[in-house]
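Biologist: Can you pull up the model so we can go through it? I have a few short questions.

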Amino acid sequence: MLTSDQINTNSGDLYDASADRYKKYAKARHVLDVPQPLAIVYPKDTEEIGMLLKFCNDNGINVIPRAGKTATEGGLENWKEQTLVIDCKHLDRILKIDPYNMQATVQAGVPLQVLEDELRKVGCTTGHSPQSKPVAKYGGLVATRSIGQLSTLYGAIEDMVVGLECVFPDGQVCRIKNVPRRSGGPDIRHIAIGNEGTLCYITEVTVKIFAHYPENNRFYGYLVKDVDTGIKALREVVTNGFRPSVARTYSEEDAAQHFYHFHKGKCVLLFMAEGPKGIVDATCQAIEDAAKKFEDGIIEQVDSKLIEDWFNNLNWSQQDIDDEFEGMKEHDSHSGFTTEISADWETIPKIYHNVMKRVREEYTRAHDLTMLGGHSSHSYINGTNMYFVYNYDIHCAPQDEMRVYHHPLQKIIVEETLKLGGSMCHHHGIGKYRNEWSKEEHGSAYYMLEKLKEAFDPNGIMNFGTIFYQEEGHKYQI
Ligand SMILES: Cc1cc2nc3c(=O)[nH]c(=O)nc-3n(C[C@H](O)[C@H](O)[C@H](O)COP(=O)(O)OP(=O)(O)OC[C@H]3O[C@@H](n4cnc5c(N)ncnc54)[C@H](O)[C@@H]3O)c2cc1C
């Protein structure tokens, strides 16, 4: 039985809970068009979560699981009149740090930064460093398939999760045990990882941890003539078997906002190498060799201190998020909107150029764009991502912003990506604002996704409208 202090019906908090950062401008201007949830509840353990889910399942009440509230794609937005937000803030215990077996177990409401700080005390790191690290919590990090800045070395969250506990809408609690590897049928961790609150509620997670060698960190930065050269240099390093922790190429437009003090109107290629000294030395050699190989496209090397300073100031605190929100109450501009896609090495530059060209030619609000560019920030043996970033001035009613500005831009990026066989969502999830392309994203494999939803959430109470397109929710979508 929940106590009254576990149930929040404060109108300001309900308004806040009705949308996430996706509609932050409309939210800041108090013109949100979505219903407010009935309440936000704060269960204290798995049993209470099971009870709440079962109650909602039996009574047709929509559930939105919530963790650190940094969602960017509408995963926390509410599209139903009867909705309960189940917040995991009381599931805030680190259950075990096990440096011998190199794993740690946390409840879903533990912020990533809290685990990272504890691990540093024993010479370890999570290896996970999304820009939202100070605020995001494990439940959300796992549910969105998040990825951090150091992914080329440590991998993304799906490479880190060893086992977990989750609860399904009928109250069934499932625990996936912690073993290094097994061949016990399909990997069922992936039913929970990336489910965005649409199949189950994640309550506990065990992740791998890594030895930390900050004293060996080394940084490299180069000004390069174009995005293609930068991507070729990333490919050279990664496909030769090296794993710098950070490996990125910024377009000139995007470089201008991050590296305004040294970019000289050029693209920026940068790396960070970390780990045991011998590995760092070899990785640095590979980076230098790649720079030499592509020297025709490399304009100059920059002081590594500039890259180190940039890296040390990347993350967003809750204060930064709050300040940005306050700013939106006054300024008619939207900055830092992103659409992150992925494709193989050959395809990614094509998508990048096609998008830039189409936006210039077709986007009716191009005159209001104050920035459109992108960067590749997560590389793999067979390809990389492209993180399109755009800022614009808003000259329409606040409630029309998404329809007038964002949706047409995102549509171009998604269409150009899917056309060439890439993925329209590299790491922010589908949320509610890319679900209109979910079927196209998955093609014939959408069958598998739909069957999972039918099997685990037959009454459709889990995060209505997220991942799965819903005609009923379309009115809120654009
Ligand atoms: C400034 C900023 C920088 C960011 N940088 C990155 C980045 O570098 N890399 C990256 O991957 N993402 C990034 N993001 C996006 C966001 O931080 C991630 O998606 C993060 O994983 C969300 O975690 P959260 O705890 O805030 O989850 P929330 O925002 O609370 O929820 C996110 C989604 O997960 C679901 N969910 C939450 N908790 C649970 C649970 N216990 N069980 C089941 N479902 C649940 C929610 O319903 C929702 O759909 C950034 C966001 C911001 C604001």
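Biologist: How much area is buried between domain 2 and domain 4?

Modeller: About 560 Å², with carbon and sulfur atoms giving 55% of that area. Keep in mind that this is a predicted model.

Biologist: Which residues of domain 2 lose the most area to domain 4?

Modeller: Val 135, Ile 147 and Thr 152, which together make up 66% of what the domain 2 side buries.

Biologist: How many residues are in contact there?

Modeller: On the domain 2 side 9 residues are in contact, and on the domain 4 side 8. The centres of domain 2 and domain 4, taken over C-alpha atoms, are 28 Å apart.

Biologist: What about salt bridges and polar contacts between domain 2 and domain 4?

Modeller: The rule finds 0 salt bridges across that interface. For polar contact, the count is 2 residue pairs, both at pLDDT 80 or more. By class, the side of domain 2 that touches domain 4 has 6 polar, 2 nonpolar and 1 charged residues.

Biologist: Back up a bit. Where do the domains run along the chain?

Modeller: Domain 1 is in two pieces, 4-89 and 472-476. Domain 2 covers 94-211, domain 3 covers 214-312, and domain 4 covers 318-427.

Biologist: Now the ligand. How many residues surround it, and which are the closest?

Modeller: 32 residues surround the ligand, and the closest are Pro 65, Thr 70, Ser 132, Thr 144 and Ile 147. Ile 147 is also one of the domain 2 residues that lose the most area to domain 4.

Biologist: Which backbone atoms sit by the ligand oxygens?

Modeller: A polar backbone atom of Pro 65 is 2.6 Å from an oxygen atom of the ligand. For a backbone N or O atom of Ala 67 the distance to a ligand oxygen is 2.8 Å, and for a polar backbone atom of Gly 75 it is 3.4 Å.

Biologist: And how much of the ligand does the protein bury?

Modeller: 97% of the 970 Å² that the ligand exposes when taken alone.

Definitions and conventions:
Residues are numbered from 1 along each chain as its sequence is written. This is a predicted model: local features need pLDDT of at least 70, side-chain atom pairs count only at pLDDT 80 or more; totals for chains, interfaces and linings use all residues. Side-chain values use heavy atoms; hydrogens and water are left out. Domain bounds come from an automatic or database domain assignment. Contact means heavy atoms within 4.5 Å. Buried area is the accessible area (1.4 Å probe) that two parts lose on being put together, summed over both. A salt bridge is a side-chain nitrogen of Lys or Arg within 4 Å of a carboxyl oxygen of Asp or Glu. A polar contact is a pair of N or O atoms within 3.5 Å; within protein, one must be able to donate a hydrogen and the other to accept it, and residues adjacent in sequence count only if both atoms are side-chain atoms. Ala, Val, Leu, Ile, Met, Phe, Trp, Tyr, Cys and Pro count as nonpolar, Asp, Glu, Lys and Arg as charged, and the others, Gly among them, as polar. A residue is near a molecule or strand if one of its heavy atoms lies within 4 Å of it. Accessible areas come from the Shrake-Rupley method with a 1.4 Å probe; for residues, only the protein chains shown count as cover.
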